[in-house]
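Me: I would like to go through this model with you and ask, for each label, what value stands behind it. Please set each value against its criterion before you conclude.

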Amino acid sequence: VITGIETKRSGAPTLSGGRRGRVLDIRKGARVRLLDLHIIHGRAFRGAGIRNRGNLILRDVSVRQNDTGRGSYVSPEGAGIWNEGRLGLNGATRITRNWTLGSCAGVMNAGVLVMNGTSIVAGNGPYFDLTGGVCNREGATMTMNGRTSIRNNGEWQVTNSGRITMNGTSWIRPNPSDDDEFGAGVSNWGLLTMNDASAIRNGEPMAHGVDNYGRLVMNDASS
């Protein structure tokens, strides 16, 4: 467990990569909990803020201002977090203001991702207006519970080739300031299940709630 403690002298507890390397690398088999920390200024081709191959839980953690750098012909991804293990975003965890030349500026998920509480993925920027929020790869699973949200991330908020389940009052919204004729809350190529009062809200002027090329299941009062 790594817990940040703020004092009058220390300010906000922060782990920084200094724009020179990845901030944290969680290896396979490791079990780690991060509490009340800022993860900033990481720079790596994939997983600049955090690369997770183990079991990682973030509670009230900010992962922000990490980037994948420039200069590669292979698409960099997952500026905020690259996840191949189990990842929990709990409490008021925020994945924000991360940047990539490729896609998946916020989170690239190839494992298990669970969002709880009021955790949010917002304001992340792919350079070419691709998926800015979360990429959920084939074989991966993602669950949104409570009042979690994904919004204002590039042209597509979420690209799904695996399985996504939205519960409670979780919601996804396309970028409301997008000027293009494309974009969506979710570009779905896998299985997307919406339960309870979960919502995918339309953006403007031409963004769609869901571009569905896979299977979409809507239950109860989802919209």
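Reply: Let us begin with pairing, since the sheets rest on it: two strands pair if DSSP finds at least two bridges between them. Please keep in mind throughout that this is a predicted model.

Me: With that criterion in place, what is the order of the eight strands that form an open sheet with S2 in it?

Reply: The order is S2-S5-S8-S11-S15-S19-S22-S25, and the pairing is parallel. Strand S2 (14-16) and strand S25 (199-200) each have a single partner strand and stand at the edges, so one side of each is left without a neighbour in the sheet.

Me: How do you know that strand S11 and strand S15 are paired?

Reply: The criterion asks for at least two bridges, and three bridges join S11 (residues 94-96) to S15 (residues 120-122), the two strands running parallel. Within this pair, Ile95 stands opposite Val121 in S15.

Me: Which strands make up the open sheet that contains S3, and what makes S3 an edge strand there?

Reply: That open sheet has eight strands in the order S3-S6-S9-S13-S17-S20-S23-S26, again with parallel pairing. Strand S3 (24-26) has a single partner strand, as has strand S26 (208-212), so each of them has one side without a neighbour in the sheet and stands at an edge. On average, and with direction ignored, neighbouring strands of this sheet are turned by 10° against each other.

Me: How do you know that S23 has a paired strand on either hand, S20 and S26?

Reply: Against the requirement of at least two bridges, strand S20 (residues 156-160) and strand S23 (residues 184-188) pair in the parallel sense over four bridges, and S23 and S26 also pair in the parallel sense over four bridges. Towards S20, Trp156 stands opposite Ala184 and Asn160 stands opposite Asn188, while towards S26, Ser187 stands opposite Asp211.

Me: Why is S23 called largely enclosed?

Reply: Buried means under 20% relative accessible area, and five of the five residues of S23 are buried, so the strand is largely enclosed by the rest of the structure. For the protein chain as a whole, buried residues make up 53% of the 223 residues.

Me: Why is Thr148 called buried, and where does it lie?

Reply: Thr148 lies in the loop between S18 and strand S19 (149-151). Its relative accessibility is 0%, and because the limit for a buried residue is under 20%, Thr148 counts as buried. Leaving aside neighbours within four places in sequence, Thr148 is in contact with Met115, Asn116, Gly117, Ser119, Thr169, Ser170 and Trp171, and its side chain reaches the backbone oxygen of Asn145 at 2.9 Å.

Me: Why is Gly17 buried or exposed, and why does Arg19 get its own label?

Reply: Gly17 is found in the loop between S2 and S3, and Arg19 has its place in the loop between S2 and S3 as well. At 16% relative accessibility, Gly17 falls under 20% and therefore counts as buried, whereas Arg19, at 32%, falls between the limits of 20% and 50% and therefore counts as partly exposed. The C-alpha atoms of Gly17 and Gly42, 25 residues apart along the chain, are separated by 4.2 Å, and Gly42 is among the residues in contact with Gly17, as are Val23, Ile40 and His41.

Me: What is the value of phi in Arg19 and in Asp36?

Reply: Phi is near 60° for Arg19 and near 55° for Asp36, a positive value in each case in a residue other than glycine. Asp36 is found in the loop between S4 and strand S5 (38-40), and Asp36 is partly exposed because its relative accessible area of 36% is neither under 20% nor over 50%.

Me: What makes up the largest nonpolar core, and what does Ile81 touch?

Reply: The largest nonpolar core has 32 residues, and those with the most contacts inside it are Leu34, Ile50, Leu58, Ile81 and Ile150. Not counting residues up to four places away in sequence, Ile81 touches several residues, including Ile50, Leu58, Val63, Leu87 and Ile95.

Definitions and conventions
Residues numbered from 1 in each chain as written. Predicted model: local features only at pLDDT ≥ 70, side-chain atom pairs only at ≥ 80, totals over all residues. Heavy atoms only, no water. Axes fitted to C-alpha atoms, helices over the stretch in contact; angles between N-to-C directions. Core = buried A, V, L, I, M, F, W, Y, C linked by side-chain atoms within 4.5 Å. Buried < 20%, exposed > 50% of the residue type's maximum accessible area, 1.4 Å probe, protein only. Contact = heavy atoms within 4.5 Å. Polar contact = N/O pair within 3.5 Å; in protein donor to acceptor, adjacent residues only side chain to side chain.
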